[in-house]
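Please find below a colleague's note on the model under discussion, set out as numbered points. It is meant to be read with the sequence and coordinates at hand.

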Amino acid sequence: MMTDPIADLLTRIRNGLTASHMHVDVPMSKIKLEIVKILEQEGFVSSHELLTDEKFPVLRVHLKYDSRRKSVIRSIKRVSTPGLRVYRGAGELRPVRSGLATLVLTTSQGVMSDREARRRRIGGEVLCQVY
């Protein structure tokens with residue numbers, strides 16, 4: 001049994017980047033799919049696909065590298081954990097690392113980036129930080 005599936009997703013991406021893999025496979029869940037979609041929209045991963053050939057669906061995340069084969073993601077870390085939840089109100093959301101980093105939040109209106117949450121003026125639980 002996995003206690004923190006979001007941390008598992010981030011660790012698999014981090015390990016895949018360290019090993020210079022082209023893609024990583026992650027057990028599928030709706031929240032993981034939404035996080036990967038945001039990472040794709042923000043330009044941190046190249047694409048994703050859902051593989052349903054197996055008994056359990058698998059989410060394949062295609063990692064992104066620059067021209068010198070360095071990963072686009074410099075750091076990816078979990079902010080809110082099952083033991084310590086981190087919430088930010090709409091007024092508390094500020095650009096991180098001068099706007100270069102992206103926070104992924106879960107809000108009452110779904111999972112979104114910090115830019116989208118600031119635009120909509122809503123807060124929520126900060127799931128992870130990527131830059």
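The points below go from the chain as a whole to its nonpolar cores and then to single residues.

1. The model is a predicted one, and the remarks that follow should be read with that in mind. The chain holds 3 helices and 8 strands, and, read from the N terminus, these elements run in the order α-β-α-β-β-β-β-β-β-α-β.

2. As to overall dimensions, the radius of gyration of the chain is 15 Å, close to the 14 Å that the globule rule gives for 131 residues, so the chain is as compact as a globular protein of that length. The C-alpha trace spans about 40 × 35 × 25 Å along its principal axes.

3. Burial and surface may be taken together. Of the 131 residues in the chain, 40% are buried, while the area that the chain exposes comes to about 7600 Å², with carbon and sulfur atoms supplying 50% of it.

4. On contacts and charges, it is worth noting that among contacts in the chain with a separation of 6 or more, 59% are accounted for by residues 24 or more positions apart. The chain carries 23 positive and 14 negative charges, and the mean positions of these two sets are 6 Å apart.

5. In soluble globular proteins, nonpolar side chains tend to be buried together. The largest nonpolar core of this chain has 25 residues, of which I13, I35, L39 and I73 touch the most other members. At least two residues of this core come from each of helix 1 (5-18), strand 1 (23-27), helix 2 (30-41), strand 3 (58-63) and strand 8 (124-130). A second core, separate from this one and made of 9 residues, includes L103, L105, A117 and V126.

6. Which residues does I35 touch, not counting residues up to four places away in sequence? With those neighbours set aside, I35 touches I6, L9, V104, V111 and L127. I35 itself is found in helix 2 and, because its relative accessible area is 0%, it falls under the 20% cut-off and counts as buried. For the pair I35 and I6, which lie 29 residues apart along the chain, the C-alpha atoms are separated by 8.8 Å.

7. D114, found in helix 3 (residues 114-120), deserves a careful look as an acidic residue in the model, since Asp is counted as negative. D114 has a relative accessible area of 1%, and is therefore buried. Residues up to four places away in sequence aside, D114 touches R94, A101, T102, L103 and L105; of these, L103 and L105 are also included in the second core.

8. Is D4 buried or exposed? D4 has its place in the segment before helix 1, and with a relative accessible area of 15% D4 is buried, because the cut-off for that class is under 20%. Beyond its neighbours within four places in sequence, D4 is in contact with R78 and P82.

9. G110 offers a case from another class of exposure. G110 lies in strand 7 (residues 110-113) and, at 28% relative accessibility, counts as partly exposed, because that class takes in values between 20% and 50%. The C-alpha atoms of G110 and G124 are 9.5 Å apart in space, with the two positions 14 residues apart in sequence numbering.

Technical notes
Residues numbered from 1 in each chain as written. Predicted model: local features only at pLDDT ≥ 70, side-chain atom pairs only at ≥ 80, totals over all residues. Heavy atoms only, no water. Core = buried A, V, L, I, M, F, W, Y, C linked by side-chain atoms within 4.5 Å. Buried < 20%, exposed > 50% of the residue type's maximum accessible area, 1.4 Å probe, protein only. Helix = DSSP H or I, 4+ residues; strand = E, 2+ residues; numbered from the N terminus. Contact = heavy atoms within 4.5 Å. Rg over C-alpha atoms; globule rule 2.2 N^0.38 Å. Areas by Shrake-Rupley, 256 points an atom, 1.4 Å probe, with all protein chains shown as cover. Charge placed at Lys NZ, Arg CZ, Asp CG, Glu CD.
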